[in-house]
Amino acid sequence: MAFDEGLAQRLREIFAERDDVVEKKMFGGLAFMLSGNMCCGVVGEELMVRVGPDQYESALKQPYARKMDFTGKPLKGFVY
């Protein structure tokens, strides 16, 4: 699966001055790893964000946010 290169580039620009963020191909997309932990990524044309379990319900209330469920089962702590 290809990922949205334009969205990936926007994330690269946001993280450009950090030396603790690296890119890694995962899930058929691209993940951005912060100090070794996935913080966000691009899957297809969608932005995936790690919000953590404590902020999960609050994040889902944001406009356009929805459960990350690319495996068919929502992954708590991550939203599209």
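**Entry 1: Tyr 64**

I started with Tyr 64, which is exposed at a relative accessible area of 81%. I then checked where Tyr 64 sits, and found it in the loop between α2 (56-60) and β5. Its phi is positive, about 75°, although Tyr 64 is not a glycine. A reminder to myself before going on: this is a predicted model.

**Entry 2: the whole chain**

I stepped back to count elements, and the protein chain has 2 helices and 5 strands. Read from the N terminus, they come in the order α-β-β-β-β-α-β. I looked up the radius of gyration next: it is 12 Å, close to the 12 Å that the globule rule gives for 80 residues, so the chain is as compact as a globular protein of that length. The C-alpha trace spans about 30 × 25 × 20 Å along its principal axes.

For cover, I noted that 34% of the 80 residues count as buried. The accessible surface comes to about 5,400 Å², and 51% of that belongs to carbon and sulfur atoms. I also pulled the contact split: among contacts with a separation of 6 or more, 35% are between residues 24 or more positions apart.

**Entry 3: the sheet**

In what order do the strands lie in the sheet? I read it off as β1-β2-β3-β4-β5, an open sheet of 5 strands with antiparallel pairing. β1 and β5 (78-79) stand at the edges with a single partner strand each, so one side of each has no neighbour in the sheet.

I went through the pairs one at a time. β1 and β2 run antiparallel and are joined by 6 bridges. Within that pair, Val 21 stands opposite Leu 34, and Lys 25 stands opposite Leu 30. β2 and β3 are also antiparallel, over 5 bridges. There I found Leu 30 opposite Val 42 in β3. At the other edge, β4 (residues 46-50) is joined to β5 by 2 bridges, again antiparallel. In that pair, Arg 50 has Phe 78 as its bridge partner in β5.

I wrote down how covered β2 is as well: 5 of its 6 residues are buried, so I have it as mostly covered.

**Entry 4: the turns**

I checked the two hairpins for positive phi. The hairpin of β1 and β2 has 2 residues between the strands, and Phe 27 there takes a positive phi near 55°. The hairpin of β2 and β3 also has 2 residues between its strands, with Ser 35 in the turn at a positive phi of about 50°. Ser 35 is not a glycine either. Is Ser 35 buried or exposed? At 55% relative accessibility it counts as exposed, because the cut-off for that is over 50%.

I then looked at Asp 19, in the loop between α1 (5-15) and β1 (21-26). Asp 19 is exposed, with a relative accessible area of 75%. I took one distance from there: Asp 19 and Leu 34 are 15 residues apart in sequence and 9.1 Å apart in space, C-alpha to C-alpha.

**Entry 5: α1 and the cores**

Which strands does α1 lie across? I found β1, β2 (29-34), β3 (37-43) and β4, with the helix running at about 150° to β3.

My background note here is that nonpolar side chains tend to be buried together in soluble globular proteins. With that in mind I looked up the largest nonpolar core, which has 10 residues: Leu 7, Ala 8, Leu 11, Phe 15, Val 21, Leu 30, Phe 32, Cys 39, Cys 40 and Val 42. α1, β2 and β3 are the elements that give two or more residues to this core. α1 gives the most, with 4 residues.

I followed one of the core residues outward. Apart from its neighbours within four places in sequence, Leu 7 is in contact with Val 42, Glu 45, Glu 46 and Leu 47. There is also a second, separate core of 8 residues, and Ala 31, Met 38, Met 48 and Tyr 80 are among them.

**Entry 6: residues I met twice**

I closed by cross-checking names. Leu 30 belongs to the largest nonpolar core, and its partners on the two sides are Lys 25 and Val 42. Val 42 is in that core too, and is one of the contacts of Leu 7. Val 21 is a further member of the core, and the residue opposite it in β2 is Leu 34.

How values were computed. Residues numbered from 1 in each chain as written. Predicted model: local features only at pLDDT ≥ 70, side-chain atom pairs only at ≥ 80, totals over all residues. Heavy atoms only, no water. Buried < 20%, exposed > 50% of the residue type's maximum accessible area, 1.4 Å probe, protein only. Pairing = 2+ DSSP bridges. Contact = heavy atoms within 4.5 Å. Axes fitted to C-alpha atoms, helices over the stretch in contact; angles between N-to-C directions. Core = buried A, V, L, I, M, F, W, Y, C linked by side-chain atoms within 4.5 Å. Rg over C-alpha atoms; globule rule 2.2 N^0.38 Å. Areas by Shrake-Rupley, 256 points an atom, 1.4 Å probe, with all protein chains shown as cover.
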